[in-house]
Amino acid sequence: MSDPKKLKIVARKGNPPEFTAQTVEMNCGHVVKVSLYGTPDDQREELKRLAGAFCKECWISRKNQRDEIDAADVERDRPYLPVLTGSPKQVRWARNTRAKAIPLIEEVIAEAVYELSQLAAKDPANDQVSAAEFHLNWGSAVSAESEAGFWIQNRSHFADKDAVRGYMNAYVYQELVKEAIAKRSRA
Ligand SMILES: [Zn+2]
């Protein structure tokens, strides 16, 4: 690997230099052409940073490998998750989204069910059984989604816990409304 300190920075005449073209051997071993901007010190810093970093292709391929390992971990712990269907590219993307989503979904459901149990404990007349069931049903239905397209299209709903909670609550609310209407029509 090239020592960035040994790389000579040629400052152009004029102030400040526009940019210097340079080749640098990156941490992955690939030699890439770079354009350096700023003062010679700035450029030296940037070269040092580049020499310690991976090139774009290697960074992406390492990230894909890590995502693959993460997805395999999530699936191994949850054998009930279906095999995803779609094009190989869609499946790769969807597995990655699902692997990040499933732990969030489990956490959000557990918190919601716990909150409901606390409400029911405070007021036994306040029946929270169907609400808790709807949360669990939602979790089962989402986990059973096998189409890669579902995970890709809904990825914004799985971006973080708040997004997951919002997505889940919309479903639960709908089910509670349906239940209330059914109860009223029976009465
Ligand atoms: Zn590389």
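Q: Which exposed residues does the face of α1 turned away from its buried side carry?
A: In this predicted model, that face of α1 carries D41 and R49. A residue is called exposed if 12 or fewer other C-beta atoms lie within 10 Å of its own.

Q: What makes Q43, E46 and L47 residues of the same side of α1?
A: Happily, the arc settles this one. The buried residues of α1 are Q43, E46 and L47, and they cover an arc of only 100 degrees around the axis, so they sit on the same side of α1. Their packing partners are β1 (19-25) and β2 (31-37).

Q: How do you know that the span of α1 agrees with its 12 residues?
A: At 1.5 Å a residue, helix α1 (residues 40-51) should span 16 Å, and its end C-alpha atoms are 16 Å apart, so the two agree.

Q: What puts the buried residues of α4 on the same side?
A: Let's list them: A131, A132, F134, H135, W138, G139 and V142 are buried in α4. They cover an arc of only 160 degrees around the axis, which puts them on the same side of the helix. V129, L136, S140 and A141 are exposed on the other side of α4. The cover over the buried residues of α4 includes α3 (88-122) and α6 (161-186).

Q: Which residues touch the most other members of the largest nonpolar core?
A: Those are I105, V108, V164 and M168, in a core of 17 residues. Two or more residues each come from α3, α4 and α6, with the largest share, eight residues, from α3.

Technical notes:
Residues are numbered from 1 along each chain as its sequence is written. This is a predicted model: local features need pLDDT of at least 70, side-chain atom pairs count only at pLDDT 80 or more; totals for chains, interfaces and linings use all residues. A residue is buried if 20 or more other C-beta atoms lie within 10 Å of its own, exposed if 12 or fewer, and partly exposed in between; C-beta atoms are placed from the backbone. Helices (H or I, at least four residues) and strands (E, at least two) are DSSP runs, numbered from the N terminus. The arc is that of the directions from the helix axis to the C-beta atoms. Two residues are in contact if their C-beta atoms, placed from the backbone, lie within 7 Å. A nonpolar core is a set of buried Ala, Val, Leu, Ile, Met, Phe, Trp, Tyr and Cys residues joined through C-beta atoms within 7 Å. The expected span of a helix is 1.5 Å times one less than its number of residues.
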